[in-house]
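Hi everyone, thanks for coming. Let me put the structure up on the screen, and then we can walk through it together.

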Amino acid sequence: MAFPDNFLWGGAVAAHQVEGGYAEGGKGLNVSDILTGGSHGVARRLTEGVQEGEYYPNHEAIDFYHRYKGDIDLFAEMGFKCFRTSIAWARIFPKGDEEEPNEEGLAFYDEMFDYMHSKGIEPVITLSHFEMPYYLAKEYGGWVNRKLIDFFVRFATVCFERYKDKVKYWMTFNEIDNQFNASNYLFGWTNSGVLFDQYDKPLQAMYQCAHYQFVASALAVQKAHEINPDMLVGCMVSAGPTYPFACKPEDELLAIDAMHKEFFFTDVMVHGNYPRYAEKLFAREGIDLDRTEEDLATIAAGTVDYIGFSYYMSHTVNSEAATDVSTSVALTDPHMVKNPYLKETAWEWTIDPVGLRVILKMFDERYNGIPLFIVENGIGIIETLDDNKTVEDDARIEYLGSHIAEMKKAVEIDGVNLLGYTPWGCIDPVSFTTGEYRKRYGFIYVDKNDDGTGDFTRYRKKSFYWYQHVIETNGEEL
Ligand code: BGP
């Protein structure tokens with residue numbers, strides 16, 4: 001058998017993409033509450049506070065805030081061993097800089113975690129998943145401000161103390177590396193509450209935010225271990241290999257540099273220090289960071305227990321820029337090109353199951369067998385309910401099945417130390433990048449549409465039963 005008996009099969013969502021109830025329970029506004037709906041090719045807009053007449057899909061999302069028990073029942077029916085979600089920071093600290101937390105917010109997650117345990121489901125919790133308090137972005141300028149470290153650590157400590165007997169697996173910042181995705185302002189805004197293009201030196205601002213987040217994350221790791229040494233705290237990165245387009249040395253050099261952009265985050269958070277290539281880059285680009293000796297000691301003392309990561313796609317770089325392939329519309333880097341060997345989703349994300357094994361092997365080798373956790377993987381598909389009130393989502397079964405098959409090889413053949421697998425959007429969430437309902441990821445269909453129709457009823461898709469069987473057989477039958 002490839003997977004150990006305690007392998008964590010489950011599913012993943014994030015608070016802002018499912019909960020709704022955006023102004024209930026004393027919750028403050030978060031940075032995702034002021035993002036309008038978008039669609040493929042039409043960016044989500046950011047408004048000044050909540051404006052009348054604008055449409056904000058996250059305000060209602062899929063009403064998980066009121067329906068979570070029924071949804072957790074469905075997860076239990078599939079046999080989930082764990083469920084990954086996040087704690088909406090603004091439910092606990094509505095503005096972010098308060099001294100005392102909001103009891104109603106804390107109680108909400110208490111009940112949710114209790115309910116999960118009553119169904120034999122282990123919570124896997126992200127502390128900051130694109131939903132930091134809006135007030136911290138507006139009044140403090142977001143993570144370019146050192147004060148954010150204290151606010152985050154206070155939030156993390158309150159959560160660790162309150163849920164120390166209920167939550168074992170934690171992650172600090174969702175896709176901490178994605179804010180370096182210069183092609184989409186959304187990432188900087190949601191990761192850090194900062195619009196990087198408003199800075200004269202956007203790269204400097206990005207690295208400064210990342211540095212303060214490294215310090216905050218390392219302090220959180222130390223706090224968690226003090227409070228309950230059994231708690232495991234991971235980092236969370238958006239991961240995937242970048243391939244050279246051709247077997248040209250110049251393409252390989254580019255691929256190495258592209259991987260550095262990704263490994264930079266895990267290098268700091270796993271090794272506990274800044275890699276040499278980063279110091280060189282700072283010197284070359286004139287990046288001068290506020291980094292104290294104490295910060296560096298903190299980073300060294302607060303290395304993570306595991307690497308959580310999302311995997312959706314791989315990338316390909318061509319040193320001759322676009323030759324006979326067109327540059328990918330999803331990325332602004334002219335060297336990033338389409339991979340002629342791979343198909344794409346309707347949102348132009350490459351489909352590359354083998355790439356999952358590649359990145360698992362890379363992490364395993366680079367970090368000497370550190371535990372890994374695939375906390376997101378999945379495919380967005382446009383779907384409608386058929387006459388039998390279900391969706392025959394064979395394309396999802398094919399996508400997930402082929403990825404699980406590669407993950408199995410990584411464990412069985414390569415010996416990778418893998419904790420679990422939580423496919424993204426196990427119940428159709430609101431899409432993050434486009435704010436759409438129609439980009440569906442789930443095993444469970446949610447009756448809600450971009451035109452406002454639908455009543456939030458849940459329906460089991462074909463993949464629901466397929467994944468149930470995968471879990472039942474511990475991944476032996478795909
Ligand atoms: C990741 C985020 C998730 C999620 C996923 C899919 O970047 O961590 O929050 O949404 O991508 O992206 P999308 O919803 O845009 O399809």
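Let's start with one helix, H7. Its buried residues pack against two other helices: H5, which covers 134-140, and H8, which covers 202-227. Please keep in mind throughout that this is a predicted model.

Which residues of H7 are buried? They are Leu186, Phe187, Gly188, Trp189, Thr190, Asn191 and Ser192. Buried here means under 20% relative accessible area. H7 runs over residues 185-192, and because seven of its eight residues are buried, this helix is largely enclosed by the rest of the structure. If you follow the chain past the helix, you come to Gly193, which has a positive phi, near 70 degrees.

Now let's go to the ligand. How many residues are around the ligand? There are 14, and those that come nearest are Gln17, Glu175, Phe432, Thr433 and Tyr441. By character, the shell around the ligand divides into six nonpolar residues, five polar ones and three charged ones.

Have a look at a few polar partners, too. In the side chain of His129, an N or O atom is 2.8 Å from an oxygen atom of the ligand. Asn174 offers something along those lines: an N or O atom in its side chain is 2.9 Å from a ligand oxygen. With Phe432, the partner is a polar backbone atom, 2.7 Å from an oxygen atom of the ligand. And how much of the ligand does the protein bury? Taken alone, the ligand exposes 380 Å², and the protein buries 98% of that.

Finally, let's zoom out to the whole protein. You can count 14 helices and 13 strands. Along its principal axes, the C-alpha trace spans about 60 × 55 × 50 Å. For 478 residues, a compact globule would have a radius of gyration near 23 Å, and the protein has 21 Å, so the value agrees with that expectation.

What about the inside? Buried residues make up 59% of the 478 residues. As for the outside, the accessible surface comes to about 18400 Å², and carbon and sulfur atoms account for 50% of it.

One last number tells you how the chain meets itself. Take the contacts between residues at least 6 apart in sequence: 75% of them join residues at least 24 apart.

So, if you take two pictures home, let them be helix H7, with seven of eight residues buried, and the ligand, with 98% of its exposed area buried by the protein. Thanks for listening!

Definitions and conventions. Residues are numbered from 1 along each chain as its sequence is written. This is a predicted model: local features need pLDDT of at least 70, side-chain atom pairs count only at pLDDT 80 or more; totals for chains, interfaces and linings use all residues. Side-chain values use heavy atoms; hydrogens and water are left out. A residue is near a molecule or strand if one of its heavy atoms lies within 4 Å of it. A polar contact is a pair of N or O atoms within 3.5 Å; within protein, one must be able to donate a hydrogen and the other to accept it, and residues adjacent in sequence count only if both atoms are side-chain atoms. Accessible areas come from the Shrake-Rupley method with a 1.4 Å probe; for residues, only the protein chains shown count as cover. Ala, Val, Leu, Ile, Met, Phe, Trp, Tyr, Cys and Pro count as nonpolar, Asp, Glu, Lys and Arg as charged, and the others, Gly among them, as polar. Buried means under 20% relative accessible area, exposed over 50%, partly exposed in between (1.4 Å probe, protein chains only). Helices (H or I, at least four residues) and strands (E, at least two) are DSSP runs, numbered from the N terminus. Contact means heavy atoms within 4.5 Å. The radius of gyration is taken over C-alpha atoms; the globule rule is 2.2 Å times the number of residues to the power 0.38.
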